[in-house]
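Q: Got a minute to go through a structure with me? I'd like to hop between surface, sheets, charges and backbone oddities.

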Amino acid sequence: MECKWVNTQKALIVSTGFLITAASFLLFPAKTHAAASLYVSPAGGSFTIGSTFTVSIFLDTGGQPVNAVEADLSFPPDKLQVVSPSTGKSFVKTWIVQPTYSNANGTLKFQGIIPNPGIITNSGLVSTITFRVKDISTAGIKFLDTSRVLLNDGKATDILDKTSGSIYYLTLPPPEGPIVTSRTDPDQGAWYASPTVTFEWTAPPDIQGYSYVLDDNPNTVPDDISKGTGTRVVYNNLADGTHYFHLKGSRQNAWGGVTDYAVNIDKTPPAAFDIDISPSSYTSQRNVVVSFQTTDGFSGIDHYELAMIPLVKTTPGKNDAPFFIEASSPHLNTFDLGRYQIVVRAYDKAGNYYQSQAALTVVNPVFEIIGAQGVRLGGTYLLGWPYAGALALVLLVLLFLIARWIWKLHAKIEEQVRHGGAKHPAVLEKLQELKEKQKEYGSSDEMKTLIVIGLLFLAGIFLMGGERAFAADTQNIAGPEPPIITLFPSSISNDEILYIGGQANVPNAQILIYLEETNTKATVEKTVLTDKNGNWFYSFGDFLNSGRYIAWTQLKVGEVLSPPSSQIAISVAPTAFQIGTHRLDAQDFYLILTIVFLALFLILLVIIVYYGSRVRQKNRRLREEIKKAEESIRRGFSVLRRDIEDQLATIHKAKLGKNLTEEEMVREEKLLKDLEEIINYVGKEIWEIEKTEGIV
C-alpha cells in the first residue's frame with residue numbers, strides 16, 4: 001500500500017513538471033528576431049517626360065520593436081530628378097543626419113531614430129519623394145547595401161533582411177497634335193543603325209501648314225513658322241544618340257498641340273577588343289577557355305556570338321559555314337587536335353557588331369610520362385626508360401659542350417668589347433667597304449635626287465590608282481550592291497584551309513568569289529549562296545600554294561551582276577612542302593629536319609674527336625723531329641762558332657802585341673759578319689719549319 005502511494009506521488013510530480021514546462025513554452029515563447037523589410041511604393045508605373053510622380057518609402061518591422069532606421073537609395077540621375085523630398089508624415093521623430101539627396105550622383109539618404117520603446121509597424125512611412133521625368137527609358141529605384149534597421153534590444157541588432165525597389169517606364173507624352181509614324185524607326189524605345197530617318201503624318205483637309213524641328217531636347221516646342229503642308233520629312237546623317245522630332249499643325253489660323261517622337265541612332269560598332277585564350281593560343285590542353293569583353297558607347301552591348309573555324313582539311317569538298325553561337329565570357333570548349341580560327345562578334349542593341357579573331361593550335365604534348373613504361377614523345381612514340389635515360393645523358397653531354405663553347409665565345413666577345421667595337425675587324429672592313437661604295441656610286445646629293453624621283457614615281461602611281469578608283473566609284477551602275485567581305489584571314493600557311501565570308505543585301509542569291517595569285521595571275525572562281533539573312537561563307541577544299549593572293553566578290557541576282565567588291569590581300573606562307581602527290585606537314589617536316597640535324601651533329605662530333613686526336617699525335621711527332629733537327633743544327637753551330645771564336649781569339653792576341661794590319665782587320669770584320677749571318681739563317685730555317693708544318 002505504501003509502495004503504491006509512493007509511485008502515485010512520483011507520477012504526479014512528473015505530470016506536474018511536464019505541465020509546467022508546456023505552460024512555460026506557451027506563455028513565454030523562445031525569443032527570436034523576425035526579419036524587417038524596406039520597400040518602395042508604388043513598385044511600378046508609367047510616366048511621361050516632364051511629368052512628376054511621388055513615391056513613398058515604407059518599413060515593415062516584422063512584429064519587432066525597432067528604434068533606428070537607415071535607408072540609402074539610388075536612382076538614375078539622367079532619367080529622374082528629385083524635385084520635392086518630404087518627411088512631414090514620417091514615423092521617424094529624430095533625424096540623426098538631415099535627409100539629403102544628390103541629383104548629380106542619383107542618391108538619397110535617410111537616417112533617424114525612434115525613442116524608446118521604439119515602433120512596431122508593417123507599413124511605417126519613412127519618407128516621400130517627388131521625381132520629375134527627364135528622359136525616356138526605364139528607371140529603377142533601389143536600396144543600397146548600407147541600409148539598416150536596428151532592433152530595440154540595447155545591442156543595435158540589424159534585422160533588415162529584405163529590400164524591394166521599383167521599376168518605372170518613362171515615355172513621351174501622348175500626341176496632342178498630328179499622329180507621327182516612322183517607317184525607318186517604328187519603335188521609339190529601340191535603337192537603329194541607319195542614320196537616315198523618315199517621319200510621316202496624316203493631314204486633315206483644312207490644314208494650313210506644319211512647323212517641325214528635330215533636336216536633342218524632349219521638351220522643345222516648334223516655332224510658329226509654317227514649313228508647308230507636306231506630310232513627310234527625311235533626315236540624313238544623324239549623329240549617334242537620342243533625337244526628338246517635334247511637330248505641330250495650324251488650322252483656322254491657330255497652332256495646335258505638339259507631338260513628340262523619339263528616335264535612337266547608333267551606327268558605331270562596339271569598341272575593339274582582343275580575345276584571350278587560356279592556357280595559351282598554342283597548347284596541348286584540349287579544354288580551352290575563350291574570354292572576351294568590350295563596351296558600347298550608346299545603345300550598349302546586346303550579346304556576343306562565337307564561331308570556331310577549323311583550319312585543317314577534314315572531308316574533301318566539304319564547305320560548311322561557321323556556326324555562330326550566342327556565348328558569354330568566359331566560354332569553355334573542348335577541341336580536337338588541329339588549328340582553329342576563333343571568331344567573336346560583339347553586337348550592340350542597334351545590330352552593329354565588331355569582329356575579333358584569334359588563332360588557336362591544339363597539339364599533342366611534347367612528352368608525357370607513362371608510368372613505368374617510359375616517356376611518350378609527340379603523343380605517338382613511346383620511349384622506354386633505359387633509352388630515355390641514354391638520350392637524356394647524350395643531351396646532357398651536348399648541352400655541356402654547347403655551354404663550354406658559349407663560355408669561350410663570351411670570353412672572346414668580352415675581350416673585343418674591351419678593345420672597343422670601332423676597332424673590330426668586321427667593323428673596319430664594313431666601313432672601308434662603305435667608303436668604296438660611296439665613291440663608286442656617287443655623292444649623297446645624287447642619292448637624295450634618286451630617292452625624290454622614286455617618291456614622285458610612287459606618288460604618281462598612287463594618284464593614278466586613286467583617279468581610277470574615283471572614276472569607278474562615280475559610275476552609276478545599275479544593279480544590286482556588291483557583297484561585303486567581313487570574314488577572312490589576312491595571312492595563312494599553305495597547310496591551312498582558306499575561308500572567306502561576308503554579307504549581302506539579297507537573301508538566297510549567288511555570291512561569285514574570285515581568287516587571283518598576284519604572280520601568275522591565275523584566277524579561281526567559286527560560287528556560294530547567301531542564307532535568308534544575306535550572310536554567306538565559303539571554305540576552300542584544297543590547300544593553296546605559297547604566295548600572295550587577292551580576292552574579291554560579286555553578287556548575282558538572276559542574270560544581273562553587281563559591281564565587284566573591294567579587293568582583299570591574302571598572304572600564304574610556305575610552311576608545308578609538296579613532294580610529288582604527297583604533302584608534308586610543317587610539323588612532320590621539322591621533326592624530320594631535327595632528326596637529320598641531330599644525326600649530322602653526332603657524325604660531325606665523332607669526326608672532330610677522331611681527327612682531333614690524330615692532329616695531336618701528328619703535332620707531337622713533328623715537335624720531336626723539329627727538336628732533333630734543332631739539336632743537330634745547334635751542334636753544327638757550336639762547332640762553327642768555336643772555329644770562328646778561335647780565329648777571333650788569335651786576332652785579339654795579335655791586337656795586344658801590335659797593331660793589326662789592314663788584311664787582319666778585314667778578316668776580323670768578315671768573321672763577325674759570317675757569325676751573325678749564320679745565326680740569322682739558322683733561326684729563319686727553324687721558324688719556316690714550324691710555320692710549314694703548322695705546329696700548334
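**Surface, sheets and salt bridges**

A: Sure. Ile96, Val97 and Ile113 make a nonpolar surface patch of about 240 Å². Keep in mind that this is a predicted model.

Q: Where does Ile113 lie?

A: Ile113 is in strand 7, which covers residues 107–113.

Q: And is Ile113 buried, partly exposed or exposed?

A: Partly exposed, because its relative accessibility is 33%.

Q: Switching to sheets. What's the strand order in the open sheet with three strands?

A: The order is 21-23-26, with antiparallel pairing. Strand 21 (276–278) and strand 26 (331–334) are the edge strands, each pairing on one side only. On average, neighbouring strands in this sheet are turned by 25° against each other, ignoring direction.

Q: How many bridges are there between strand 23 and strand 26?

A: Four, in the antiparallel sense, and strand 23 spans residues 287–291. Asn287 has Thr334 in strand 26 as its bridge partner.

Q: Which peptide bond is cis, the one leading to Pro330? What's its omega?

A: The bond from Ser329 to Pro330 is cis, with omega near 0°. Pro330 sits in the loop between strand 25 (325–327) and strand 26.

Q: What about Ser41 and Pro42, what joins them?

A: A cis peptide bond, with omega about 0°. Pro42 belongs to the loop between strand 1 (36–41) and strand 2 (44–48). As background, most peptide bonds are trans.

Q: OK, phi next. What's phi for Ala156?

A: Near 55°, so a positive value in a residue other than glycine. Ala156 is placed in the loop between strand 10 (148–151) and strand 11 (160–164). Ala156 counts as partly exposed because its relative accessible area is 49%.

Q: And Asn237, what's its phi?

A: Positive too, at about 55°, although Asn237 is not a glycine. Its place is the loop between strand 17 and strand 18. With a relative accessible area of 69%, Asn237 is exposed.

Q: Let's do charges. How many salt bridges does the count come to?

A: Eleven. One of them is between the side chains of Arg232 and Glu200, at 3.4 Å, N to O. That pair links distant parts of the chain, 32 residues apart: Arg232 is in strand 17 (residues 232–235) and Glu200 in strand 15 (residues 197–201).

Q: Is Glu200 buried or exposed?

A: Buried, since its relative accessibility is 15%.

Q: What does Lys267 form with Asp240?

A: A salt bridge, with the closest N and O atoms 3.4 Å apart. This pair also links distant parts of the chain, 27 residues apart. Lys267 is in the loop between strand 20 (259–265) and strand 21, while Asp240 is in the loop between strand 17 and strand 18 (241–251).

Q: Why does Lys267 count as partly exposed?

A: Because its relative accessibility is 38%. Asp240, on the other hand, is buried, with a relative accessible area of 17%.

Q: How do the side chains of Glu516 and Lys521 meet?

A: In a salt bridge, at 3.9 Å from N to O. Glu516 counts as buried at 15% relative accessibility, whereas Lys521 counts as exposed at 54%.

Q: Which residues are linked in a network of salt bridges?

A: Glu70, Asp72, Lys109 and Arg148.

Q: Back to polar side chains. What does Ser182 contact?

A: The side chains of Ser182 and Thr184 are joined by a polar contact of 3.2 Å. The Ser182 side chain also reaches the backbone oxygen of Thr198, at 2.8 Å.

Q: Where is Ser182 found?

A: In the loop between strand 13 (180–181) and strand 14 (191–192). Ser182 counts as buried because its relative accessibility is 5%.

Q: Last topic, strand 34. How many of its residues are buried?

A: Four of its five residues, so strand 34 (residues 499–503) is mostly covered.

Q: Which strands does it pair with?

A: Strand 34 pairs with strand 32 (residues 484–487) in the antiparallel sense over three bridges, and Leu487 stands opposite Gly501. Five bridges join strand 34 to strand 37 (residues 535–539), again running antiparallel. There, Tyr499 stands opposite Ser539.

Definitions and conventions. Residues numbered from 1 in each chain as written. Predicted model: local features only at pLDDT ≥ 70, side-chain atom pairs only at ≥ 80, totals over all residues. Heavy atoms only, no water. Patch = residues over 30% accessible without salt bridge, like charges linked within 9 Å, V, L, I, M, F, W, Y side chains within 5 Å. Areas by Shrake-Rupley, 256 points an atom, 1.4 Å probe, with all protein chains shown as cover. Salt bridge = Lys/Arg side-chain N within 4 Å of Asp/Glu carboxyl O. Helix = DSSP H or I, 4+ residues; strand = E, 2+ residues; numbered from the N terminus. Buried < 20%, exposed > 50% of the residue type's maximum accessible area, 1.4 Å probe, protein only. Pairing = 2+ DSSP bridges. Axes fitted to C-alpha atoms, helices over the stretch in contact; angles between N-to-C directions. Polar contact = N/O pair within 3.5 Å; in protein donor to acceptor, adjacent residues only side chain to side chain.
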